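Colleague: I have a structure open in front of me and I would like to learn how to read it. Could we go through some of its features together?

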Amino acid sequence: MAPFIAHYACGVEPQACCLCECRSCTFRFFDSRLTDSEIGTLYAGYRGPAYFESRHRHEFWYSANVNAGIGNDGAEVTSRKQNLAKLLSGRSGSITSVLDYGGDRGQFIPDHLGTERYVFEISDATPVPGVKRIESVERRQFDFVMLAHVLEHCSEPLKVVDELKQLANDQTMYYFEVPYERPSLRFAPQGRLQRLYRDALLRAGPLLTAVDFYSTVCRVKFNCNLPLGLLKCSEHLNFFNEKSLRALLERRGYELMECGTAHTESQGPVNRILYGLARIA
């Protein structure tokens, strides 16, 4: 578990956890889950001063520029909006009301999509012009519901996609989007010696930070965990590919109209997205 998550959200010392993979649908996930209270602590002041101070203290490479740039990269915002607009080409004529569920400031809603544009967000982010923040979605329905870059954070993704079905009218379409990232299992720590090494690192603060930095560079630059590195459970708990995203949505009663991957112009380590356009079956 990432030290900043352990201390900032959970109030505990960093702990060992496992990266698991479903043999049926190939969904990968960390078995470390956050409670509702811990999720509230982590995201209520997301990327605010307290969040940044805690994360920067444990991850010195997490700079103020990196923190400020999340969700504000103009090229990424534009490319993600264009990807969705292209996907909706010929399908958006009947869309009046749009909800971006967990959508930060609503900045990823495509231009000119709908005339009533809302964002439901647990942080205190101020919506972009033309988007209204709502405090509750109970007893409300929308023509188009976006869940973009949320499922990878969820301790209970099944529960979240179930809740979204309550927002549907007869014509509602849903758009699901996650970063297309798959932690490599190559050189993944395993075996007794690796466990002893890992447990020793968890007790050695400065050394743990150094190995964390080394592991982060390997993941970002080479998409692998090199020998003596560690796999770390940070904000992203879940990792989908097309097969596992389909399995999640179809199991919960959605019909996939489109599912695939697309390139984004993100300056971050992940520049591909996985998406699904769906409706209730």
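Modeller: Happily! Keep in mind that this is a predicted model. Let's start with one residue and its surroundings. Leaving out residues up to four places away in sequence, Phe-176 touches Leu-147, Leu-151, Val-161, Leu-164, Leu-249, Tyr-254, Leu-274, Tyr-275, Gly-276 and Ala-278.

Colleague: Which residues touch the most other members of the largest nonpolar core?

Modeller: A nonpolar core is a set of buried nonpolar residues joined through side-chain atoms within 4.5 Å. Here the largest one has 31 residues, and Leu-99, Leu-151, Leu-164 and Phe-176 touch the most other members. Among the elements that each supply at least two residues are β3 (97-101), α6 (157-164) and β10 (272-280). The most comes from β7, with 4 residues.

Colleague: How many residues does the second, separate core have?

Modeller: That one has 20 residues, including Val-98, Val-119, Val-128 and Val-131.

Colleague: Now the strands. In which sense do β3 and β4 pair?

Modeller: For a pair of strands, look at the direction of each and at the bridges between them. β3 and β4 pair in the parallel sense, over 5 bridges. In this pairing, Leu-99 stands opposite Tyr-118 of β4. β4 also pairs with β5 (residues 132-134), again in the parallel sense, over 3 bridges. There, Tyr-118 stands opposite Lys-132 of β5.

Colleague: Is β4 mostly covered or mostly open?

Modeller: Count its buried residues: 4 of the 5 in β4 are buried, so the strand is mostly covered.

Colleague: Let's try a helix. Why is α1 described as largely enclosed by the rest of the structure?

Modeller: The same counting works. Helix α1 spans residues 3-10, and 7 of its 8 residues are buried, so the rest of the structure largely encloses it. The buried ones are Pro-3, Phe-4, Ile-5, Ala-6, Tyr-8, Ala-9 and Cys-10. Their cover includes α2 (36-44), α3 (49-58) and α8 (205-222). After the helix comes Gly-11, with a positive phi near 65 degrees.

Colleague: At what angle do α1 and α2 pack?

Modeller: Picture a line along each helix. The two axes lie 8 Å apart and the packing angle is about 105 degrees. That makes α1 roughly perpendicular to α2. On the α1 side the contact is made by Phe-4, Ile-5, Tyr-8, Ala-9 and Cys-10, and on the α2 side by Glu-38, Thr-41 and Leu-42. Sorted by class, this contact has 6 nonpolar, 1 polar and 1 charged residues.

Definitions and conventions. Residues are numbered from 1 along each chain as its sequence is written. This is a predicted model: local features need pLDDT of at least 70, side-chain atom pairs count only at pLDDT 80 or more; totals for chains, interfaces and linings use all residues. Side-chain values use heavy atoms; hydrogens and water are left out. Buried means under 20% relative accessible area, exposed over 50%, partly exposed in between (1.4 Å probe, protein chains only). Contact means heavy atoms within 4.5 Å. Axes are lines fitted to C-alpha atoms, for helices over the stretch in contact, and angles run from 0 to 180 degrees between N-to-C directions. Angles under 35 degrees count as roughly parallel, over 145 as roughly antiparallel, 65 to 115 as roughly perpendicular and the rest as oblique. Ala, Val, Leu, Ile, Met, Phe, Trp, Tyr, Cys and Pro count as nonpolar, Asp, Glu, Lys and Arg as charged, and the others, Gly among them, as polar. Two strands pair if DSSP finds at least two bridges between them.
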